[in-house]
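This report introduces a single protein chain to a reader who has not met it before. It proceeds from one residue to the helices and loops around it.

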Amino acid sequence: MPRNGEHDNPRRPSRAAAEEAVRTLIRWAGDDPAREGLLGTPDRVVRSFEEFFGGYSEDPVALLQRTFEEMDGYDEIVVLKDIRFESHCEHHLAPIIGKVHIAYLPNNRVVGISKLARLVEVYARRLQIQEKMTAQIANTIDEVLQPKGVAVVIEGAHQCMTTRGVHKPGVSMVTSRMLGAFRTDPLTRREVLAMIGTPASHGEHV
């Protein structure tokens, strides 16, 4: 994401405006943005936001365009487990930290596993709710690769629940999205969930 991001989105405020917004929040919190320890904070926060929300500047579909058809007849499930992600909830801007598990049943094409990890990063580095992120990852894989089946399971810890509100640490939310054979065939669904390591009774199917 460019440092002067106002040029890639006409509706995006200038960097100076973003830094002034941070100063306003510091004053609202009860401190003085002009004191020595906070002088550099607006710049640091804006630079952090560029990293946290860099997914808006990337095209998730383009990531998966390069595929491979030389599979030597391989037609079994492909699973990529424990992809760590860090995102932010769109309701409180609080961190969501967890793991994504991706599986698909190839239909003549496979994609490099690093591209699947990057796909997770693109969607995670946006303002999110976990249910939407789960569907976005699965739907993009289904759209581009057109496999026989797609399964995405996300386990996330939501800081908006653990550090504020009800203050319940140690709670993990599990969501899943099943498409194609993983949705229609119970045996195939159980097989992929066993490979991922998430019991079939867990999750919220969206």
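Is Thr140 buried or exposed? Thr140 is buried, because its relative accessible area is 5%, and a residue counts as buried under 20%. The model discussed here is a predicted one.

**The chain as a whole**

The chain contains eight helices and seven strands. Of its 206 residues, 40% are buried. Among the contacts between residues at least 6 apart in sequence, 68% join residues at least 24 apart.

**Thr140 and the packing of helices 4 and 5**

Thr140 belongs to helix 5. Leaving aside residues up to four places away in sequence, Thr140 touches Pro60, Val61, Leu64, Leu119 and Tyr123. Two of these partners, Leu119 and Tyr123, are in helix 4 and take part in its contact with helix 5.

Helix 4 covers residues 113-124 and helix 5 covers residues 130-145. Their axes come within 10 Å and cross at roughly 140°. That angle makes helix 4 oblique to helix 5. The crossing of the two helices is right-handed. On the side of helix 4, the residues involved are Leu116, Leu119, Val120, Tyr123 and Ala124; on the side of helix 5 they are Met133, Gln136, Ile137, Thr140 and Ile141. By class, this contact between helix 4 and helix 5 comprises eight nonpolar and two polar residues, with no charged residue.

**Helices 1 and 2**

A second helix pair is formed by helix 1 and helix 2, which pack at an angle of about 115° with their axes 9 Å apart. Their crossing is right-handed. Helix 1 contributes Arg15, Ala18, Glu19, Val22, Arg23 and Ile26 to the contact, and helix 2 contributes Thr41, Pro42, Asp43, Val45, Val46, Arg47 and Glu50. The residues in this contact of helix 1 with helix 2 divide into six nonpolar, one polar and six charged.

The loop between helix 1 (15-29) and helix 2 (41-52) includes Ala34. Arg23, one of the helix 1 residues in the contact, is eleven residues from Ala34 in sequence, and their C-alpha atoms are 8.6 Å apart in space.

**Helix 8 and its two faces**

Helix 8 spans residues 186-196, and within it Thr188, Val192, Leu193 and Ile196 are buried. Viewed down the axis of helix 8, the buried residues fall within an arc of 130°, so they line one face of the helix. A general feature of helices is relevant here: an α-helix has 3.6 residues a turn, so residues three or four places apart point the same way.

The face of helix 8 turned away from the buried side carries the exposed residues Leu187 and Ala194. The buried residues of helix 8 are covered by elements including strand 2 (78-89), strand 3 (95-105), strand 6 (149-158), strand 7 (173-180) and helix 7 (181-184).

**Ser87 in strand 2**

Strand 2, one of the elements that cover the buried residues of helix 8, contains Ser87. Ser87 counts as buried because its relative accessibility is 2%. Not counting residues up to four places away in sequence, Ser87 touches Ala94, Pro95, Ile96, Ala124, Arg126 and Gln128. Among these, Ala124 is also one of the helix 4 residues that meet helix 5. Ser87 and Phe52 are 35 residues apart along the chain, yet their C-alpha atoms are separated by 7.3 Å.

**Exposed loop residues**

The table below gathers three residues that lie in loops.

| Residue | Loop | Relative accessibility |
|---|---|---|
| Ala34 | between helix 1 and helix 2 | 51%, exposed |
| Asn108 | between strand 3 and strand 4 | 56%, exposed |
| Gln146 | between helix 5 and strand 6 | 52%, exposed |

What is the sign of phi at Asn108, which is not a glycine? The phi of Asn108 is positive, at about 80°. Gln146 is not a glycine either, and its phi is also positive, at about 50°. For context, most residues other than glycine have a negative phi. The loop that holds Gln146 lies between helix 5 and strand 6. Helix 5 is the element in which Thr140 is found, while strand 6 is among those covering the buried residues of helix 8.

Methods
Residues numbered from 1 in each chain as written. Predicted model: local features only at pLDDT ≥ 70, side-chain atom pairs only at ≥ 80, totals over all residues. Heavy atoms only, no water. Axes fitted to C-alpha atoms, helices over the stretch in contact; angles between N-to-C directions. Parallel < 35°, antiparallel > 145°, perpendicular 65-115°, else oblique. Left-handed = near helix turned anticlockwise from the far one by under 90°. Contact = heavy atoms within 4.5 Å. Nonpolar A, V, L, I, M, F, W, Y, C, P; charged D, E, K, R; others polar. Buried < 20%, exposed > 50% of the residue type's maximum accessible area, 1.4 Å probe, protein only. Arc of directions from axis to C-beta.
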